[in-house]
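Thanks for coming, everyone. Let's walk through this fold together, one piece at a time. Please have a look at the screen.

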Amino acid sequence: MRERLSNIDATGLALSDKLININRVAKVMKGGKRLSFSALVVTGDGNGHVGIGLGKANEVPVAITKANAIARRNLIKVSLAGSSIPYETKVKFGAAEVFLKPAAPGTGIIAGGSVRAVLEAVGIKDILTKSMGSPNRINVAKATILALSRLKDPKQELAKRRGTPKEENPAVVDIINLCLRQSDQCLYEAKNTGRDRVILENPDGTKKISEFGTGK
C-alpha cells in the first residue's frame, strides 16, 4: 500500500480533477501483445490545495478513476502570496527540472503542459516558469508538486527563527492606553533589562516614572 503524503481530508474541499496525460503501454507476452493504460491526473480546489495521481489499468476509465483516488490521497497545502508564490524556487526531480518565479498581478500563468495544469489546479494566476531537462510529463508534474510543497510562509518562518515574543505586562498596556487618551505627553520604554518603564510628562514639565516587572 502506498504511503500518504499528507493528512488533508479531501471530503470538505471542492476539488476539480483534470486529466494531464494518458499513456498506452504494450507488453509483449508469449501469446501476443497485452495492452494497458496509465493516466496522470491533477486535482485541486483553486485555493492552495493540489495533488497528482498516476493510475494504471487495462481500461482507460478505470485508470482515470484510480488516478483520481490517488490524487485525492496525496493532497498538499501550498503557501501562496496573493495570486502568485512568495519567492522563486528551483527543484529537480529525476531528469526533470522546474523553475518557478513570482510575477506581478496581471501577468498570467507563463507555463505549459504539466506545469500549467498543476499551477491552475492550486489556484496560482500570476507566475513565471521554466521547465528544463527531461520533458517527461510525469516527472515534470512531480517536480512542480515538489517545488510547491517546499514553499514556506516568510512571516511564519521569520517568527520561528526569532522566537516567540514575550507577552506585554497588562499593567503597562493599561498605562499606554491611558496615555493615548490623554493630552499629556507620554513616553514608553521597553528595555532588555526585564523591566518596562512608562514616563508621564505633565504640562508643567514634571515627570512621573512608573516601572513594572515583566516576570523575569
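Start with strand 1 and strand 2, which is residues 32-44. They run antiparallel, and 13 bridges join them. One pair to find on screen: M29 has G32 in strand 2 as its bridge partner. A quick word of caution: this is a predicted model.

Now, what packs on this sheet? Take helix 2, residues 113-122. This helix touches strand 1, strand 2 and strand 3. Its direction makes about 130 degrees with that of strand 3.

Helix 1 covers residues 60-73. It lies across strand 1, strand 2 and strand 3, the last being 49-57. Against strand 3, helix 1 runs at about 145 degrees.

Step back to the whole sheet. In what order do the strands come? The order is 1-2-3-4. The sheet is open, has 4 strands, and pairs antiparallel. Which strands sit at the edges? Strand 1, at 16-29, and strand 4, at 76-77; each pairs on one side only.

Next, the other sheet. This one is also open, with 4 strands, but here the order is 5-6-8-7 and the pairing is mixed. Its edge strands are strand 5, 89-93, and strand 7, 109-110; each has pairing on one side only.

Look at strand 6, residues 96-102, beside strand 8, residues 127-133. How many bridges join them? There are 7, and the two strands run antiparallel. For one example, V98 has S131 in strand 8 as its bridge partner.

Last piece: helix 3, residues 137-149, packs on this sheet. It touches strand 5, strand 6 and strand 8. With the direction of strand 5, helix 3 makes about 140 degrees.

Note on methods
Residues numbered from 1 in each chain as written. Predicted model: local features only at pLDDT ≥ 70, side-chain atom pairs only at ≥ 80, totals over all residues. Heavy atoms only, no water. Pairing = 2+ DSSP bridges. Contact = heavy atoms within 4.5 Å. Axes fitted to C-alpha atoms, helices over the stretch in contact; angles between N-to-C directions.
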